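Thanks for coming, everyone. Please have the viewer open while I talk. I'll go through the strands, then the helices, then two single residues.

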Amino acid sequence: MKLSIFKVVNYTYDGPANLQDRLTYIRRVEATRTSYIYAVNVSGVEPFEQMMYVKAAYNQNRGKTHYHYVLSPEADDFDYVSLTEFYEVSQRIARRIAEFNGHFQVVSAVHLDGAYPHLHIIANNIDYETGERFDLPKRRLYELKNDINVILSQAGMSKIKQCYCPTDSGW
C-alpha cells in the first residue's frame, strides 16, 4: 500500500526571524509559481507582518512562532491528479488547518522543485480571535492527519501514514 507523507518540520531555533525565513522559503520563485501560493486569513504578499501583528496584539512574541507542515503525495497520485487538482486539494488542506481547533493565519505553496509536486504550509500558532497559543500534541496531530486523509481520499489521492499510539505520552 502506497502512502503520502505528512510531516511537521521542527526547528532547534524558533522566533520571528525563523518565521520570516520559512515564509520566504516556501514562496521562493525557484520552487513555486505565484499562482500556486495560497493564503487564508492573511495576505499572501505580506504574511509575516500580519502574523507578527497578531502576536503583538496578544503579547505572544515569545517561543514557538509557527508550524511548518510538508505534504508529499505518493508519486503515482500524479498519474490520476493534475497539478491544478493538487493545488485545489492544497487549498482545502490550508483552509482546514486555518480552522483546526481555532482561527489561524496560513500560507501554503505547492513546490515544483522536487521529483514530484509537494506542499509546504506555514501556520501562525496564535489564534487571531482569542490570542490562544496552538499546541500540537500527538492526539491533535492524529486528528489533523485524519482530516487531511478525508480531503485526500475525496480527491482520489493516497492517504498519509497514520500512527495511532494510545500508549504514547500526550494521549
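Start with a definition: two strands count as paired if DSSP finds at least two bridges between them. As background, strands of a sheet pair through backbone hydrogen bonds, either parallel or antiparallel. One caution before we go on: this is a predicted model.

Now apply that definition. E3 and E5 are joined by six bridges, and their pairing is antiparallel. One pair to find on your screen is Tyr69 with its bridge partner Ile121 in E5.

Let's build outward. On E1, residues 5–9, five bridges connect to E3, again antiparallel. Look for Val9, whose bridge partner in E3 is His68.

Next, E4 and E5. They pair in the antiparallel sense, with six bridges. Val110 has Leu119 of E5 as its bridge partner. These two strands make a hairpin, and six residues lie between them.

One more strand to add. E2 and E4 run antiparallel and share four bridges. There, Ile37 sits opposite Ala109 of E4.

So what order do the five strands of the open sheet take? Read it as E1-E3-E5-E4-E2, with antiparallel pairing. Which strands are at the edges? E1 and E2, residues 37–40, and each of them pairs on one side only. From one strand to the next, the twist averages 15 degrees.

How covered are these strands? Take E3, residues 66–72: six of its seven residues are buried. In E4, six of its six residues are buried. Look at which way the E4 side chains go. Val106, Ser108 and Val110 point one way. Val107, Ala109 and His111 point the other way. Both sets are buried.

Now the helices. A reminder first: an α-helix has 3.6 residues a turn, so residues three or four places apart point the same way. Keep that in mind for the next part.

Helix H2 covers residues 47–57. Its buried residues are Pro47, Phe48, Met51, Met52, Val54 and Lys55. Why do we say they line one face of H2? Because, looking down the axis of H2, the buried residues fall within an arc of 155 degrees. On the other side of H2, Tyr53 and Ala57 are exposed.

What does the buried face of H2 pack against? Its buried residues meet helix H1, strand E4 and strand E5. H2 lies across E4 and E5, at about 35 degrees to E5. Just after H2 comes Asn59, with a positive phi of about 55 degrees.

H1 tells a similar story. Asn18, Leu19, Arg22, Leu23 and Ile26 are its buried residues. Down the axis of H1, they fall within an arc of 135 degrees, so they too line one face. They pack against H2, E3, E4 and E5.

How do H1 and H2 meet? Their axes are 10 Å apart, and the packing angle is about 145 degrees. The crossing of H1 past H2 is right-handed. From H1, the contact uses Pro16, Leu19, Gln20 and Leu23. From H2, it uses Pro47, Phe48, Met51, Met52 and Lys55. By class, that makes seven nonpolar residues, one polar and one charged.

On to two single residues. The first is Phe6, in strand E1. Is Phe6 buried or exposed? Buried means under 20% relative accessible area. Phe6 has 9% relative accessibility, so it counts as buried. Which residues does Phe6 touch, leaving out those up to four places away in sequence? They are Tyr69, Val70, Leu71, Leu141, Leu144, Lys145, Ile148 and Ile160. Compare the chain with space here: Phe6 and Tyr25 are 19 residues apart along the chain, and their C-alpha atoms are separated by 18 Å.

The second is Lys138, in helix H4. Partly exposed lies between the 20% and 50% limits. Lys138 comes out at 43% relative accessibility, so it counts as partly exposed. From Lys138 to Asn59 is 79 residues in sequence and 27 Å in space, C-alpha to C-alpha.

That's my tour. Please rotate the model and look at the one-sided burial of H2 once more. Questions are welcome.

Methods. Residues numbered from 1 in each chain as written. Predicted model: local features only at pLDDT ≥ 70, side-chain atom pairs only at ≥ 80, totals over all residues. Heavy atoms only, no water. Buried < 20%, exposed > 50% of the residue type's maximum accessible area, 1.4 Å probe, protein only. Arc of directions from axis to C-beta. Contact = heavy atoms within 4.5 Å. Axes fitted to C-alpha atoms, helices over the stretch in contact; angles between N-to-C directions. Left-handed = near helix turned anticlockwise from the far one by under 90°. Nonpolar A, V, L, I, M, F, W, Y, C, P; charged D, E, K, R; others polar.
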